[in-house]
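Visitor: I am new to this structure and would like to take a close look at a single part of it. Could you show it to me first, and then walk me slowly through one helix?

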Amino acid sequence: MLNVLKMAGRNLMRYQRRTLLTSMLIVIGIVAVLLFISITGSFKSVMIGQFTDSVLGDLEVHEKGYVASIDNLPLDLNMSAAVTSKVEGTLNRDKAIAAYSPRVKLPAMFSNFTETTSIRINGIDPKMEDATCPLLRGRIVEGPKGGPLLKRGEILIPVLLARGLKLKVGDTIVLVATNREGSVNGKTFVVGGVLESISGPGGRDGYIDIADARELLRMTNPEVSEIAIRLKDPSQLNQATTALRKDISGITGKDRKPVLEVHTWADLSPFANLARMIDVMTLFIKITLVAIVLVSVMNVMIMAVYERIREIGAISAIGTPPGRIMAMFLSEGLLLGLAGTVIGTAISLATIYALNVWKISFTFGQQQNIVLAPAIGAGDVATIAILVIGMAVLASLQPAWKAARMDPIGALRHV
Amino acid sequence: MSLVNANNLVKTYRAGDIEVQAIKGVDFAIERSSFVSFVGPSGSGKTTLLNMIGCLDHPTSGKLTVLDTDISTLGRREAAEFRGKHLGFVFQDFNLIPVLSAYENIEYPLLMVQSWPAEKRSQRILTLLEAVGMKDQGGKRPDQLSGGQKQRVAVARALVTNPELVLADEPTANLDHATAMRIIELMKSMRDEYGTTFVFSTHDPKIMAEAEVTFTLEDGRLQGNSNAEEVSHA
């Protein structure tokens with residue numbers, strides 16, 4: 001086999017310029033694909049991180065039917081204290097879970113005593129929320145960033161409302177909410193901080209202590225609207241979701257049917273569609289690469305066979321087995337693919353490294369200076385390498401087959 | 001038993017509706033270690049006959065045995081194996097592999113057709129390079145060699161696997177007369193040294209005079225055979 005490869009290498013060097021051009025084409029294709037995957041992957045993970053680490057968590061547990069009506073923040077679909085306690089027991093035992101945060105969510109009227117608007121209130125346990133959504137603190141653009149995320153009687157308000165109602169840290173506002181029984185209650189809060197908005201959910205969300213939320217709603221039992229969960233390893237999202245769904249399926253209602261639902265961040269965020277679009281684009285880029293490799297290698301190999309017909313006739317006449325002739329041409333395709341892959345991968349990895357050194361930042365929605373950290377997994381590199389080398393060999397198959405099946409007499413007569 | 005035996009050999013080509021009979025029922029035998037030529041004008045069937053003896057083509061009818069093997073029974077793969085094992089070829093256009101040196105061209109059949117160990121291979125190639133007078137030219141590529149030198153390398157390549165039979169189709173057609181004579185002399189000396197049977201085709205009367213046995217073909221028919229003395233007297 002080594003001799004066949006050596007021979008193939010010599011044959012490729014016969015037309016150095018053509019070999020170089022074809023390899024360059026493969027190199028460019030590989031660089032384009034690997035850079036696209038690494039940059040879009042980085043963009044995707046940064047954006048997903050923004051949603052999961054500052055708003056949604058990786059997973060959320062709700063009462064059945066809550067998510068279907070989530071725009072209304074229905075108070076009659078909260079989890080009871082007993083159910084919440086069972087879920088928390090399950091979450092405490094689950095080794096895949098890093099932290100969780102129970103929340104009480106409610107719609108409220110927000111007033112600075114002269115103007116009134118609506119707000120979505122998240123009642124949170126500051127410590128648990130901090131552990132589950134560590135980037136929430138990073139979104140505070142006004143107000144203290146150290147110390148507890150929130151104190152009793154304080155509210156974190158979105159920048160949208162702070163600007164619209166000309167509010168600053170230390171100002172007093174009033175929240176008015178209607179509880180599930182229809183009773184209206186109001187409570188004053190001090191603005192503890194102003195939160196930068198992110199695109200998608202959270203643009204009109206304010207945060208108060210969970211105890212204040214329950215007080216505002218005059219809850220006699222400590223109900224919970226949702227429990228946001230942070231995983232130790234977000235890449236294990238699907239496995240963790242499946243395991244959690246199984247674990248909480250035993251929590252049933254009076255009719256012995258499960259009362260809870262588990263949703264991933266992708267189920268709750270419109271960004272998931274954008275992420276899917278990125279995946280589709282990556283697929284199309286990969287298909288383009290396959291086409292480039294197929295066409296360029298096939299073109300070269302067809303030419304190689306056509307130009308060497310007499311030579312093929314001679315080596316066939318002197319007894320070279322057809323299988324070995326085929327192997328020689330397949331090896332040429334293999335070496336072309338291999339050379340392009342090695343060089344292309346090296347250039348891609350060097351470029352990715354350089355992009356990380358230079359730290360390119362971008363703006364997404366309201367968020368500015370998001371630093372791009374392109375990275376590529378060994379799995380992606382291996383997949384692309386195998387794909388390209390496989391395609392190069394596949395593209396050589398027909399010309400190699402033709403060479404192996406060539407009639408030596410006709411080939412020797414070829415002019 | 002003769003090395004090659006042909007009985008009522010016929011080869012017909014079909015081009016659309018037209019049938020062309022290139023060989024029209026020939027009988028001949030070639031003995032071991034002989035130096036044989038097929039002569040005749042262009043289109044007389046020399047190359048067709050050599051192709052069939054070389055297992056590159058099958059007869060349409062009749063029987064042709066080479067080394068006791070009926071060549072019409074050989075499939076593509078078996079024929080290639082047979083050629084690689086028992087036959088050597090010298091071509092009119094040399095057909096050396098341009099990316100390989102003279103040494104590597106001679107080495108090719110030992111590497112890609114048979115699998116000789118490196119040391120034995122090297123010994124054999126150096127012996128042959130010396131035998132064909134190309135000892136100092138082994139590192140040169142075909143484009144750095146003259147026509148005569150290329151054909152010397154081609155003869156060495158044909159002999160490197162110790163074949164019983166070497167077939168040479170117009171081996172001197174692209175060479176000047178002096179070089180052509182030297183190649184024929186070389187082939188003859190190789191026959192003397194290794195006992196290899198050489199069968200070649202030519203239409204050069206001076207070259208055909210060098211053959212010990214000459215078969216004359218005309219329009220696909222064998223006009224007879226003669227030994228060297230008869231040819232030189234003619």
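Visitor: Which residues are buried in H4(B)?

Guide: Please keep in mind that this is a predicted model. The buried residues in H4(B) are B:Ile125, B:Leu128 and B:Leu129. Looking down the axis of H4(B), one finds that these buried residues fall within an arc of 105°, so they line one face of the helix. What covers them includes two other helices of chain B, namely helix H3 (102–113) and helix H5 (147–159). On the face of H4(B) turned away from its buried side, by contrast, sit the exposed residues B:Glu119, B:Lys120 and B:Gln123.

The length of the helix can be checked as well: H4 of chain B runs over residues 118–131, and because each residue is counted at 1.5 Å, its 14 residues should span 20 Å, which agrees with the 20 Å between its end C-alpha atoms. Just after H4(B) comes B:Gly133, which takes a positive phi of about 75°.

To place this helix in a wider setting, it may help to turn to the contact between the chains, which takes 18 residues from chain A and 20 residues from chain B. On the side of chain A that touches chain B, the elements giving two or more residues are helix H1 (2–14), helix H10 (309–317), helix H11 (322–358) and helix H13 (408–413) of chain A, and the largest share, five residues, comes from H10(A). Sorted by class, that side of chain A has eight nonpolar, five polar and five charged residues.

Technical notes:
Residues are numbered from 1 along each chain as its sequence is written. Chains are lettered from A and ligands numbered from 1 in the order in which they are written. This is a predicted model: local features need pLDDT of at least 70, side-chain atom pairs count only at pLDDT 80 or more; totals for chains, interfaces and linings use all residues. Helices (H or I, at least four residues) and strands (E, at least two) are DSSP runs, numbered from the N terminus. The expected span of a helix is 1.5 Å times one less than its number of residues. A residue is buried if 20 or more other C-beta atoms lie within 10 Å of its own, exposed if 12 or fewer, and partly exposed in between; C-beta atoms are placed from the backbone. The arc is that of the directions from the helix axis to the C-beta atoms. Two residues are in contact if their C-beta atoms, placed from the backbone, lie within 7 Å. Ala, Val, Leu, Ile, Met, Phe, Trp, Tyr, Cys and Pro count as nonpolar, Asp, Glu, Lys and Arg as charged, and the others, Gly among them, as polar.
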